[in-house]
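Student: I should like to understand the terms used for this structure. Could the reasoning behind each one be set out?

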Amino acid sequence: MKDIKILAIESSCDETAAAVVVNGREVLSNVIASQIDIHTKFGGVVPEVASRKHVEVIGAVVNEALEEAGVSLKDIDAIGVTYGPGLVGALLVGLQYAKGLSFSRNIPLIGVNHIEGHISANFIQYKELKPPFVCLVVSGGHTTIVYMKSYGEFEVMGQTMDDAAGEAYDKVARAIGLGYPGGPKIDKLAREGNEDAIKFPRANFHRESLDFSFSGIKSAVLNYLNGMEMKGFEVNKADIAASFQKAVVSVLVDNAIKACKQKGVDKIAIAGGVAANSCLRETMMLRGEKEGIEVLFPTPILCTDNAAMIGSAAYFEFINGKSASLNLNAVPNLKLGER
Ligand code: KG4
Ligand code: ZN
């Protein structure tokens with residue numbers, strides 16, 4: 001069978017990214033232009049600034065991805081592009097660029113759900129991986145446990161009722177003065193702290209529920225900081241980071257394992273920016289070993305936002321005969337499995 005080459009474009013948040021992926025698994029190029037330095041000044045992503053920056057660099061990022069892959073547009077079988085969920089202005093930049101290429105070169109267009117992209121990063125990392133499996137998607141905007149029945153077929157088993165895990169990391173990091181993005185900074189600082197120093201609460205849902213809540217943990221950290229300040233005590237930031245992280249990770253791991261047991265599967269894939277977290281990786285591996293569940297993680301660069309993962313998801317849509325029309329619009333709150 002002929003190789004299928006997908007040019008993928010991702011611009012849902014603060015990374016402008018393009019990649020060329022063969023047969024959904026082999027990455028020829030994966031170019032990421034990050035805007036982190038710009039947004040750090042504001043303590044978080046400023047949507048309008050993000051859109052403008054995407055406009056400035058998208059052309060160069062796509063050209064670099066093609067060049068690095070050693071291909072030109074006439075070698076490309078389809079263009080995969082994220083059309084949601086994400087910031088509407090940011091999404092529109094990638095989407096319009098992809099539509100322009102698709103129309104002018106007569107190349108099929110595939111709309112990709114960003115979350116489906118995160119899950120698909122595992123297909124790049126593990127060449128033999130096939131559904132069914134359970135996936136824990138943990139990012140700045142999402143915390144969801146999904147059962148992937150087959151390619152493109154998902155069942156949401158649990159999700160956050162308030163903040164996403166990455167969002168909680170970012171908010172706590174800001175509160176203790178670590179800056180944006182907080183996840184990697186807390187991850188690093190926590191290694192110097194005692195994870196049992198402070199007892200932060202875990203979300204308390206019904207025993208069978210796989211839903212999450214992280215706003216309570218975040219508020220407990222803020223209350224602790226206020227209390228210490230009022231008493232005039234110094235805080236140990238590393239202990240706060242480690243104790244907060246333990247509270248978040250233990251809930252993520254417990255629910256992920258419960259989901260595998262409910263479905264009777266022995267394989268769990270982790271995806272999204274927080275999947276780069278070292279504590280989550282270690283704790284998940286240990287629990288997986290104990291429970292006889294294989295734990296899969298993409299390499300950190302495939303966990304955070306990138307276009308290779310979009311290229312992988314687009315491939316499975318393409319071979320199933322699904323393509324989008326040029327009327328495809330950005331859907332900021334697109335749900336998994338929705339078309
Ligand atoms: O998947 P992603 O790049 O973008 C979204 O789709 O949201 O995830 C970004 C999130 C941010 O909240 C960031 O703080 C978090 O992932 N993150 C981490 C780590 N690296 C990134 N959180 C914890 N530990 C990390 N090492
Ligand atoms: Zn993402």
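Tutor: The following turns take up the ligand site and then some backbone features.
Tutor: This is a predicted model, in which local features need pLDDT of at least 70, side-chain atom pairs count only at pLDDT 80 or more, and totals for chains, interfaces and linings use all residues. Residues are numbered from 1 along each chain as its sequence is written, chains are lettered from A and ligands numbered from 1 in the order in which they are written, and side-chain values use heavy atoms, with hydrogens and water left out.

Student: What makes the pair formed by Gly140 and ligand 1 a polar contact?
Tutor: A polar contact is a pair of N or O atoms within 3.5 Å. A polar backbone atom of Gly140 is 2.8 Å from an oxygen atom of ligand 1, so the pair meets that definition. Gly183 offers a polar backbone atom 3.0 Å from a ligand oxygen, and a polar side-chain atom of Asn277 is 2.9 Å from a ligand nitrogen.

Student: How much of ligand 1 does the protein bury?
Tutor: Taken alone, ligand 1 exposes 550 Å², of which the protein buries 89%; accessible areas come from the Shrake-Rupley method with a 1.4 Å probe.

Student: Why is ligand 1 said to lie between domain 1 and domain 2?
Tutor: Domain 1 (5-120 + 303-319) and domain 2 (130-298) both give residues to the shell around ligand 1, so the ligand lies between them. The domain bounds come from an automatic or database domain assignment.

Student: How is the shell around ligand 1 divided by residue type?
Tutor: The shell holds four nonpolar, 11 polar and three charged residues. Asp, Glu, Lys and Arg count as charged; Ala, Val, Leu, Ile, Met, Phe, Trp, Tyr, Cys and Pro as nonpolar; and the others, Gly among them, as polar.

Student: What is notable about the backbone at Pro85, Pro132 and Asn23?
Tutor: Most residues other than glycine have a negative phi, and most peptide bonds are trans. The bond from Gly84 to Pro85 is cis, with omega near -15 degrees, and a cis bond with omega about 5 degrees joins Pro131 and Pro132. Asn23, not a glycine, has a positive phi of about 50 degrees.

Key. A polar contact is a pair of N or O atoms within 3.5 Å; within protein, one must be able to donate a hydrogen and the other to accept it, and residues adjacent in sequence count only if both atoms are side-chain atoms.
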